[in-house]
Amino acid sequence: MLDYSAEERFSKELKSRERARREDIRGEYYRDTTAIIHSSPFRRLKHKTQVFFAPSNDHICTRMEHVLHVASIASTICRPLGLDTELAWAIGMGHDLGHTPFGHVGEKIIGTLSQKRGIGEFEHEINSLRVVTFLADNGKGLNLTYAVRDGIVCHNGEDVRRRIKPTFALKDLSSLSSRKGLIPATYEGAVVRFSDLIAYLGRDFEDATRLGILKGKELPEIVIKRLGRNNSEIINSLVEDLIKGADSQEGIGFSDEVFEAVSAFSTFNYENIYRSSILNGYTRYFTRLINLIVDYLEEIYSSYGLKEDGYLREKNMLSAGFYNHIRDMYPVYIEKEKSDKRMIIDYVAGMTDNFCLDCANEILKPEHLNDEIEMSQTGKWFDARS
């Protein structure tokens, strides 16, 4: 069983917020969940890629489905352990709010652009913290509790570990610039981190199978034997093992036998899914797409600055929407980060897959140049010759 006394000693700090909120009938962590689900970054997750870009296939996992899976799994694990299910649910729902369009492929592309511009690496965990702290709600942020923000920034599910013991210590979240080495302060944060892994291992395999990417390839025998053949069996095996192995001395984690299978499963997915030819194709295409949008925004921002007229003369949705964004957010960046260097990268990182495609289409198809012809009596349908 787990010793909860360490968390209880600083429970007041865990529930603290940057701005006080009036009391109501909800618990503090449930309030965080409602703030998350009513936010624009959360709504955009339904049109963001998890792994596979498949907008016409309703059965392929989206980023929104993924966060729901993580929250559900984490809450399930926390219940028999006597942990706070509402805290786990809130962290799970908010953990990917800072993710990019086109999944981890998009994250790598935006990371490369960030480094080329001298603003450091782009990590969606750090960006998720920035989103809930000040990027969401036009610079106000979501005003979440410390415990939820800590769980969000420490959720790195790609860092596969056998066990994680919470630090039970407060970090200066405002000073974090990298996810490397971060360990959550709470048991619930550790549970969400493992739940992230549990949610994507089997589901990514399931999606790849559905799309025909794994034809002729079978799961390693150790995975089938110790975890199961399908996503449902795999989730059940991993959840039960985590619950059974929770320990105050070592924290949350897998047994040696199950972790061996998890490692084999992770290696299989990386070799056959994440490094597959289809994802490599995504990389080439989406690199061109995202570069096009960033270059265009940098060009018009350099030309027009904070003056509305220039953006409106572009006569497209992207330019007009970007002006509205900088009008609201430029003062916030100057206040919070003393610089506007991240503003364009952040704006593109917040886009959905579909919006990215629409933006590129507007840049490449200058339909507004035909406005005068469209409005004439004869220009659209007839020769203008007298």
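At what angle do helix α8 (residues 124–139) and helix α16 (residues 317–337) pack, and how far apart are their axes? In this predicted model, the two helices pack at an angle of about 150°, and their axes lie 10 Å apart. Because angles over 145 degrees count as roughly antiparallel, α8 is roughly antiparallel to α16, and the crossing of the pair is right-handed. On the side of α8 the contact is formed by R130, F134, L135, N138 and G139, which meet D328, M329, V332, Y333, K336 and E337 of α16.

A second helix pair is formed by α10 and α12, which pack at an angle of about 160° with 9 Å between their axes. That angle makes α10 roughly antiparallel to α12, and the crossing of these helices is right-handed. Here F194, I198, G202, R203 and E206 of α10 are in contact with N231, I234, I235, L238, V239 and L242 of α12.

Both α10 and α12 also receive the buried residues of α13, which pack in addition against α11 (221–226) and α14 (277–304). Among the buried residues of α13 are V258, F259, V262, F265 and F268, together with the residues S266, N269 and N272. Helix α13 comprises 19 residues (256–274), so at 1.5 Å a residue a span of 27 Å is expected, and the 25 Å between its end C-alpha atoms agrees with this.

The largest nonpolar core contains 117 residues, of which F52, I252, F254, L297 and F322 touch the most other members. For L297, once neighbours within four places in sequence are left aside, the contacts are with L318, F322, I344, Y347 and V348.

Key. Residues are numbered from 1 along each chain as its sequence is written. This is a predicted model: local features need pLDDT of at least 70, side-chain atom pairs count only at pLDDT 80 or more; totals for chains, interfaces and linings use all residues. Side-chain values use heavy atoms; hydrogens and water are left out. Helices (H or I, at least four residues) and strands (E, at least two) are DSSP runs, numbered from the N terminus. The expected span of a helix is 1.5 Å times one less than its number of residues. Buried means under 20% relative accessible area, exposed over 50%, partly exposed in between (1.4 Å probe, protein chains only). Contact means heavy atoms within 4.5 Å. A nonpolar core is a set of buried Ala, Val, Leu, Ile, Met, Phe, Trp, Tyr and Cys residues joined through side-chain atoms within 4.5 Å. Axes are lines fitted to C-alpha atoms, for helices over the stretch in contact, and angles run from 0 to 180 degrees between N-to-C directions. Angles under 35 degrees count as roughly parallel, over 145 as roughly antiparallel, 65 to 115 as roughly perpendicular and the rest as oblique. A crossing is left-handed if the near helix is turned anticlockwise from the far one by less than a right angle, and right-handed if clockwise.
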